[in-house]
Structure formats: structure tokens, C-alpha cells
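Please read this briefing alongside the sequence and the model, which are shown next.

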Amino acid sequence: MIITSSIAEITDIIRQGGVVAYPTEAVWGLGCDPYNELAVRRILALKSRPEEKGLILITGDKQQLLKWQPHLNAESFERLVSAPTHPTSWVVPDTEVTPTWVRGKHQSVAIRLSQHQPVVDLCNRLEQAIVSTSANPAGEEPAMNIDELKGYFGETLDGIYDAPLGGATSPSQVKDILTGKVFRV
């Protein structure tokens, strides 16, 4: 495992099928290429998370959300690409774009457009969204620093992106993009 502030090293790890920890708006996240089934399954195993629950995707670029636009009306797509005051992951209808190993048992996927610069830089360099799930085993609090990451995962991660957390005080809220129903505050 490497700990680095080099965006090039972290993106190379992800491109090669690796799993990394990276800072999100409020907590550390685990990420990988959502189209790499083995990498996604590693994250699920590290977290002891059942596949059927699904995972969130995150990006820092509106252009990377265009592939979901055909599944949404204009108002819903505008919501997806807007910058909310609190980090928001939107549950978007999807049976064609995102693999089942990311969607789980759902006919949708949760997607967040992040304003947090380390996430923006990471996704822009990769030119795609990545998996975003809190860095913690099931039942534990999300990691808030590198020492907690090491305590949870030891050397099982391929890399840690050493950059600051954002200023949010809680993980993203999760809302249905069509109805506004709140799944997580």
C-alpha cells in the first residue's frame, strides 16, 4: 500500500484495478473503477457489505453525468448536476449504464456531484465517476483520518490519497431524484 498526495499515482492504482481510500466532503471513502467487477467486489468484502445494497458513485464533473441524462426529465437532470448546499447523492433510474455489481438489487444508482477539490481532481484525471462508499467495516464509524483507515484495513488497500477532508459535518444525504424522498439525512 502506498500513501501519497500524488493524484497521478492514485489514478494509476484505480486504472490498474486497485482499491483506494480518498477524502470526501465529510469522511474518508473507499473507491475504485465501478466497471471493474473484481475491484468492486474487493470493496464489498473489505466492508462486509452485501452486494444487494448497492454502492454510490461520485464525480466532480457534470460532463461525466451525461450518460444518465436519457433516464431523466430536464428538471431531474438539472437537480443531478446542480451544486446543493449539503452533499447530496441522488438515486437515479438506471438499468443500462451502471453494472449490477454496483447497483445491487436496485433498478437505480445513487450518484453525487462533488464540489470537494480532491474528488474533483481525482475524477477529472480518471475522466469518470468512481465508487464512493464510506471507509469503514459494516457497523463501524467511517474513518476520519489515515490512522483510522490503517486500523480498519491495515495493508489491504492499494493506496491512500493523502488530501484533506471537506468541511461537511456528515456524509451525503441520499434522495430520490424523481420524488425527493429522503433515504438518508
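The notes below cover a pocket, a helix and an aromatic pair.

This is a predicted model, in which local features need pLDDT of at least 70 and side-chain atom pairs count only at pLDDT 80 or more, while totals for chains, interfaces and linings use all residues. Residues are numbered from 1 along each chain as its sequence is written, and side-chain values use heavy atoms, with hydrogens and water left out.

**Pocket**
- The largest pocket (an open set of points on a 1 Å grid over the protein atoms alone, where a 1.4 Å probe fits, with protein on both sides within 12 Å along at least five of seven lines) has a volume of about 730 Å³, taken as the space filled by probe spheres set on the points, which are joined across faces, edges and corners.
- Its lining, meaning residues with an atom within 4 Å of a point, comprises 37 residues, with Arg49, Gly54, Ile56, Val174 and Arg184 nearest the centre.
- Among the elements giving two or more residues to this lining are β3 (28-31) and β9 (173-176), whereas β6 gives the largest share, four residues; helices (H or I, at least four residues) and strands (E, at least two) are DSSP runs, numbered from the N terminus.

**Helix α5**
- In α5 (residues 117-126), the residues Pro118, Val119, Val120, Leu122, Cys123 and Leu126 are buried, that is, under 20% relative accessible area, with exposed over 50% and partly exposed in between (1.4 Å probe, protein chains only).
- Just after α5, Glu127 adopts a positive phi of about 65°.

**Aromatic pair**
- The structure holds one aromatic pair, formed by Tyr152 and Phe153, which is edge-to-face at 6.0 Å centre to centre and 70° between the planes; rings of Phe, Tyr and Trp (its six-membered ring) pair if their centres lie within 6.5 Å, and planes under 30 degrees apart count as stacked, over 60 as edge-to-face and the rest as tilted.
- Phe153 counts as buried because its relative accessibility is 4%, whereas Tyr152, at 27%, counts as partly exposed.
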